[in-house]
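Got your viewer open? Let's take a walk through this model, one selection at a time.

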Amino acid sequence: MAAQVDSGVDESTVRAARLAATGLREQRLPDAPAVVDALLAVQGQELQPALWGLSRRVTPSARPGRAALNAALADGELLRTHLLRPTWHLVRPRDARWLLELSAPRVERLMASTERSWDLGDLGPGTDAVAAAVADGPRTRAQIKAELVARGVLDPDAPGLAFTQMLMHAELQRLVISGPPPVGKELQHQSYATFDDRVPAGYGPLGERFDAEAAVVELWRRYLPGRGFATLNDLRLWADVTVRDLAPALAALTDAGEVVQVAGTGDLDGLTLVATAATAARWAGGAPPADQGADPGADRAAEDGPVADLLQAYDELLMSYRETRHVVLDPALPPQDRAGAYVHSAAVDGVVAGRWRWPAGVGQRVDVQWLRDPAPAERAALDAAVADLDAYLD
């Protein structure tokens with residue numbers, strides 16, 4: 001019988017738990033690599049905004065600036081590659097190999113369907129050529145493309161998708177992964193290096209050998225602590241792993257007492273959420289106890305007014321959930337994908353209230369589109385978040 005918490009959780013409790021679990025409140029972590037380690041993988045195709053998002057989860061007394069975040073990526077403390085759904089993700093070196101081994105077969109099948117529809121033919125020689133291009137050292141995307149054309153494995157008139165698929169196959173086959181940027185271009189991370197030069201041998205927490213069942217158990221163990229409450233379908237859509245694989249692993253963790261089930265109430269009525277035993281003990285059934293482990297000043301008390309967050313477009317507070325993402329959305333507001341909306345989200349107390357645009361150049365200010373009329377205190381809170389971003393960029 002699955003462990004069940006008697007009291008349920010409503011959307012406000014789940015939202016507060018997620019703000020804490022994803023690190024936007026009660027920040028304790030010492031640096032950005034520790035943040036990625038806690039979240040397992042962080043979606044990052046909008047790279048510079050994604051790095052900014054990591055900085056907001058570092059304890060305030062140690063928050064890094066833009067240069068430090070880019071240096072962590074250049075040095076290989078953080079890596080960027082296609083995995084899970086797949087899309088660009090930031091990941092720690094020790095987790096790259098097992099996550100790719102887990103997710104690559106399904107992604108390769110999806111890619112094969114796309115390649116057939118485009119009649120791209122056999123991309124194997126191009127994929128091998130990508131690996132050969134970085135064998136003597138990191139290369140930029142443009143350099144790799146030029147070499148593939150020179151080798152005759154990429155027609156210069158081929159659709160751009162052909163080259164993109166070759167690169168992705170090389171990533172998924174663990175031949176290449178993100179490399180350092182070119183000298184003098186610290187913000188340009190479209191470079192690739194040999195996978196084994198940047199990723200340690202073995203499968204990180206799984207040991208020397210890959211085991212698919214153990215990998216799914218590890219997926220649950222790493223996903224839940226950094227997400228608070230979630231459903232099985234939330235993880236299924238975040239990782240693109242089937243229910244057939246996820247359900248037995250969840251049952252094993254539940255039987256072991258590591259994970260409990262909690263009934264949703266209010267807008268979550270009818271849903272069964274799962275959480276670690278520690279998360280459920282803290283949040284289910286009432287207000288959380290005071291936490292003495294947070295850095296002083298890491299989170300403002302409610303009486304100090306609202307807290308605003310400039311969330312990157314694919315922030316884990318948004319992308320870690322699909323079935324229950326609505327807890328951070330206001331149903332009275334226009335849909336997020338409406339025409340003309342900026343890509344990034346501005347949230348007030350964990351609820352999306354506007355959209356914003358990343359500054360296009362030096363000295364340019366953040367442009368915000370409010371989706372509703374903000375109260376003066378909310379506007380002031382967002383101004384404070386904008387000031388933090390200005391300081392980060394400087």
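Start by selecting proline 86, which sits in the loop between β3 and β4. Keep in mind that you're looking at a predicted model. Now show the backbone and check the link from arginine 85 to proline 86: that peptide bond is cis, with omega near 10°. In general, most peptide bonds are trans.

Stay in that loop and pick leucine 84, which also lies between β3 and β4. What is phi of leucine 84 near? The value is near 60°, so here we have a positive phi in a residue other than glycine. Most residues other than glycine have a negative phi. Is leucine 84 buried or exposed? Leucine 84 is buried: its relative accessible area is 1%, and the cut-off for buried is under 20%.

Next, zoom out to the strands on either side of the loop. Select β2, β4 and β3, and you'll have an open sheet of three strands, in just that order, with antiparallel pairing. Why is one side of β2 and of β3 left without a neighbour in the sheet? Both β2 (41–43) and β3 (79–83) stand at the edges and have a single partner strand each, so there's nothing from the sheet on the other side. Tilt the view a little, too: neighbouring strands here are turned by 40° against each other on average, direction ignored.

Now home in on β2 and β4 (residues 87–91). They pair in the antiparallel sense over three bridges. Strands of a sheet pair through backbone hydrogen bonds. To see who faces whom, click alanine 41, and you'll find valine 91 of β4 standing opposite. Then add helix α2 (residues 32–39), which packs on the sheet and touches β2 and β4. The direction of α2 makes about 100° with that of β2.

Next stop: helix α5, residues 93–118. Where does α5 bend? Look at alanine 104, where the helix bends by about 45°. Proline 105 follows within four residues. Go on past the end of α5 and you reach aspartate 119, whose phi is positive, near 55°.

For the last stop, select arginine 174, in the loop between α8 (160–172) and β6 (176–178). Arginine 174 is a residue other than glycine with a positive phi, near 60°. Turn on the surface here: at 23% relative accessibility, arginine 174 counts as partly exposed, whereas leucine 84, where we were earlier, is buried.

Terms used:
Residues are numbered from 1 along each chain as its sequence is written. This is a predicted model: local features need pLDDT of at least 70, side-chain atom pairs count only at pLDDT 80 or more; totals for chains, interfaces and linings use all residues. Side-chain values use heavy atoms; hydrogens and water are left out. Two strands pair if DSSP finds at least two bridges between them. Helices (H or I, at least four residues) and strands (E, at least two) are DSSP runs, numbered from the N terminus. Axes are lines fitted to C-alpha atoms, for helices over the stretch in contact, and angles run from 0 to 180 degrees between N-to-C directions. Contact means heavy atoms within 4.5 Å. The bend at a residue is the angle between axes fitted to the seven residues ending there and the seven starting there. Buried means under 20% relative accessible area, exposed over 50%, partly exposed in between (1.4 Å probe, protein chains only).
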